[in-house]
Amino acid sequence: AIGFRARLRSWPSPGACGRRGCWCTSRSGYCARGSARWRCAAGCASPASSRTCAASPTCRWGGGRRRSGGGPRRGGSSSSRSPSPSSRASASTSSTPRCLVVENSENPCWKATGFSVPNVKEQRKKHPTEATTLRPLDSGVVETRELDDAALLTSLAEKGLAVKPATSGDYHAVECDVAIVGSGCGGGVAAAVLASAGHKVLVVEKGDYFTPDDYSSVEGPSMERLYEQGGIFCTSNVTTVLYAGTTVGGGSAVNWSASIRTPREILQEWSRDHGLPVFGSAAYVQAMDAVCARLAVTDGCREEGFQNKVVRRGCEALGLPVDRVPRNSSEGHHCGSCYLGCPTGDKRGTDTTWLVDAVEHGAVILAGCKAERLIFQNNSGKNGRSKKCVGLVATCMSNGITKKLRIEAKVSISACGALMTPPLLRNSGLRNRHVGRNLHLHPVSMAWGYFPDTNQEPQLTGKCYEGGIITSMHRVTERTIIETPALGPGAFASLVPWESGRDMKERMRRYTRTAHAFALVRDHAAGSVYGEGRVHYSPSRGDIEELRDGLRRALRIMVASGAAEVGTHRSDGLRLRCKGVQDKDLEAFLDEVTVARGPMQPGTDTWALLCSAHQMGSCRMGSSPKEGAVDGRGESWEAEGLYVCDGSLLPTAVGVNPMITIQSLAYCLSMDIAESLA
């Protein structure tokens with residue numbers, strides 16, 4: 001920090017805003033010292049109130065959204081986009097930076113750690129992808145943060161929706177055939193299938209719309225804009241850190257690309273033991289084929305990244321099987337930044353596939369708009385459901401829009417994920433006991449190994465943040481697998497146990513050559529979602545034992561791969577220096593390895609946090625209201641016309657990365673919904 005301040009004091013030239021000592025640049029899009037002048041992509045200092053570039057009439061003006069010093073950048077033509085009022089206000093009043101980034105969105109500490117933001121232009125030259133429109137959803141997306149009431153209604157009407165402005169009431173009325181809350185793996189697929197069937201679809205998404213040109217790969221501000229609670233979302237009992245996407249494309253825009261089909265034994269279990277015939281049907285297999293085809297899934301990989309090389313080499317040295325992981329990207333995709341939005345555009349999330357199909361068939365995506373509650377009427381119904389869902393109420397997250405939206409629809413679909421669907425249903429008055437229960441998280445515990453870059457062998461070149469995030473997988477037991485994570489320098493620093501300042505500096509200096517592998521368990525324990533941001537979860541004793549065995553296996557793999565030092569993230573800094581280590585020393589070390597409880601648990605001497613990027617089961621399907629929150633078609637047992645179409649449907653944890661499972665199930669259910677509407 002002292003060095004950083006000294007650098008600012010000695011900075012001889014003014015920043016992009018014209019103020020000496022300011023670190024804003026044409027890429028940062030705002031002045032951290034209080035200037036209201038923004039910098040456009042062509043290099044002119046256009047004022048914030050301007051919608052045009054003073055240097056070039058065709059310039060893509062770069063100041064469309066405050067980037068907090070390096071977050072997702074906004075693009076678009078100068079004639080159609082300007083900063084939101086709130087963005088201008090915060091840009092003109094901010095007196096301190098949101099994160100330590102300087103020229104070209106770089107952090108002065110990165111050089112010491114060996115980290116740098118990926119050179120996207122070089123990656124695109126190396127691995128050119130199929131040419132696509134810069135903003136493929138522009139014809140169907142309405143970005144509410146930049147609008148006022150009149151502009152919002154005009155935009156919706158121009159896109160074919162029937163709108164009725166509020167007169168004396170608090171709501172603007174909007175009519176459509178299908179309202180979908182959420183645009184991720186479930187919502188994106190449902191939108192495409194239903195729009196293709198000729199229905200007018202409106203997707204409500206609280207996150208913003210970003211494209212590859214908007215992604216900066218700078219960790220802190222990108223997490224803030226792309227993840228629930230900025231990526232700092234912990235269970236209420238402080239056992240597990242949760243990662244869930246909140247942007248157009250949902251989790252599919254920020255996940256790690258693993259595209260694994262639902263295991264056959266899991267399908268048999270769900271079909272047989274849970275009485276859900278959809279999972280045993282030929283239609284589900286056809287849905288997996290259709291999903292994998294649309295995502296162009298391949299298990300080929302031209303070059304693996306450093307961490308996956310470590311796992312593969314260690315498994316081979318121990319005679320253990322290691323599998324290739326299929327991905328929804330090309331064989332040459334060597335991007336380690338996909339968890340912050342893929343800057344190369346190679347990864348195929350719903351924002352570049354299913355939602356594009358939906359928009360081409362007339363669907364509208366309302367970005368920056370949050371669903372508050374569903375609207376029900378009494379139902380005389382022949383099917384035993386006492387309520388009928390006729391739409392939802394939503395709030396636009398813009399200071400310029402003063403009224404809420406009353407969206408009236410024949411069918412409403414909640415697809416906002418296993419953490420957000422239960423609060424929406426509960427807030428709307430649904431009382432089925434399974435809403436918010438049976439939450440499974442695929443808890444993860446990590447091991448690390450340090451591989452000095454001196455005399456590195458050709459098989460283990462590279463840095464930990466480079467290359468495809470997951471390309472190799474080792475199965476430990478029927479319930480446990482080992483894969484590799486994405487860890488930026490910030491996340492790495494937050495996980496490293498504190499021993500001393502000197503130790504922390506040394507750990508950060510080793511960052512780029514520290515490989516991580518994690519044990520992921522198909523958990524039997526079930527947590528609960530009590531409300532928005534309120535989650536309780538504790539792994540069972542059996543889950544802990546599986547994690548411990550997986551963690552030990554991961555450490556063995558690191559040692560066999562040639563690590564100089566290995567360890568875990570337990571609070572006491574448990575580690576082993578491997579030079580000259582004997583088998584008995586290794587076994588003694590592994591006997592000490594445990595999966596510690598969270599820091600808030602009583603009687604805890606050592607502690608650690610688990611992580612979860614997969615949330616499932618909190619509104620599970622069931623053969624009756626006693627067994628689940630929805631039926632085998634995804635329809636609520638309590639309300640006709642209300643469907644759930646996301647990971648919360650899954651009866652249990654699936655045991656592998658669930659993207660293909662969620663999309664395939666959404667495909668099946670939305671085909672049924674389209675048929676019922678017809």
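Angles from 65 to 115 degrees between two helix axes count as roughly perpendicular. That cut-off is needed for the first view. The model shown in every view is predicted.

**View 1. Helix H11 packs against helix H16.**
H11 spans residues 306-318, and H16 spans residues 541-560. Their axes lie 7 Å apart, at an angle of about 90°. The two helices are therefore roughly perpendicular to each other. From H11, the contact uses Val310, Val311, Gly314, Cys315, Ala317 and Leu318. From H16, Arg556, Ile557, Met558 and Ala560 take part. By type, eight of the contact residues are nonpolar, one is polar and one is charged.

**View 2. The largest nonpolar core holds 118 residues.**
Ile407 and Ile413 have the most contacts inside this core. Helix H18, residues 659-677, gives the most to the core: nine residues. Two domains contribute at least three residues each. Domain 1 covers 136-210 + 349-439 + 619-676. Domain 2 covers 223-244 + 297-344 + 441-612. Another core, of 42 residues, lies apart from this one. Its members include Ala447, Cys464, Tyr511 and Ile557. As a general rule, nonpolar side chains in soluble globular proteins tend to be buried together.

**View 3. Ile407 and the residues it touches.**
Set aside residues up to four places away in sequence. Ile407 then touches Val174, Cys176 and Ala179. Leu202 and Val204 are also among the residues touched by Ile407. So are Val390, Gly391, Leu392 and Ala394. Ile407 is one of the two residues named for the most contacts inside the largest nonpolar core.

**View 4. Ser670 sits in helix H18.**
Is Ser670 buried or exposed? Its relative accessible area is 0%, and the cut-off for buried is under 20%, so Ser670 is buried. Leave out its neighbours within four places in sequence. Ser670 is then in contact with Val189, Ala190, Val193 and Leu194.

**View 5. His274 lies in the loop between helices H9 and H10.**
Helix H9 covers 264-272, and helix H10 covers 282-294. The relative accessible area of His274 is 24%. Partly exposed means between the 20% and 50% cut-offs, so His274 is partly exposed. Beyond its neighbours within four places in sequence, His274 is in contact with Glu269, Ser623, Pro651 and Thr652. His274 and Gly628 are 354 residues apart along the chain. Their C-alpha atoms are separated by 9.7 Å.

Definitions and conventions:
Residues are numbered from 1 along each chain as its sequence is written. This is a predicted model: local features need pLDDT of at least 70, side-chain atom pairs count only at pLDDT 80 or more; totals for chains, interfaces and linings use all residues. Side-chain values use heavy atoms; hydrogens and water are left out. A nonpolar core is a set of buried Ala, Val, Leu, Ile, Met, Phe, Trp, Tyr and Cys residues joined through side-chain atoms within 4.5 Å. Buried means under 20% relative accessible area, exposed over 50%, partly exposed in between (1.4 Å probe, protein chains only). Helices (H or I, at least four residues) and strands (E, at least two) are DSSP runs, numbered from the N terminus. Domain bounds come from an automatic or database domain assignment. Contact means heavy atoms within 4.5 Å. Axes are lines fitted to C-alpha atoms, for helices over the stretch in contact, and angles run from 0 to 180 degrees between N-to-C directions. Angles under 35 degrees count as roughly parallel, over 145 as roughly antiparallel, 65 to 115 as roughly perpendicular and the rest as oblique. Ala, Val, Leu, Ile, Met, Phe, Trp, Tyr, Cys and Pro count as nonpolar, Asp, Glu, Lys and Arg as charged, and the others, Gly among them, as polar.
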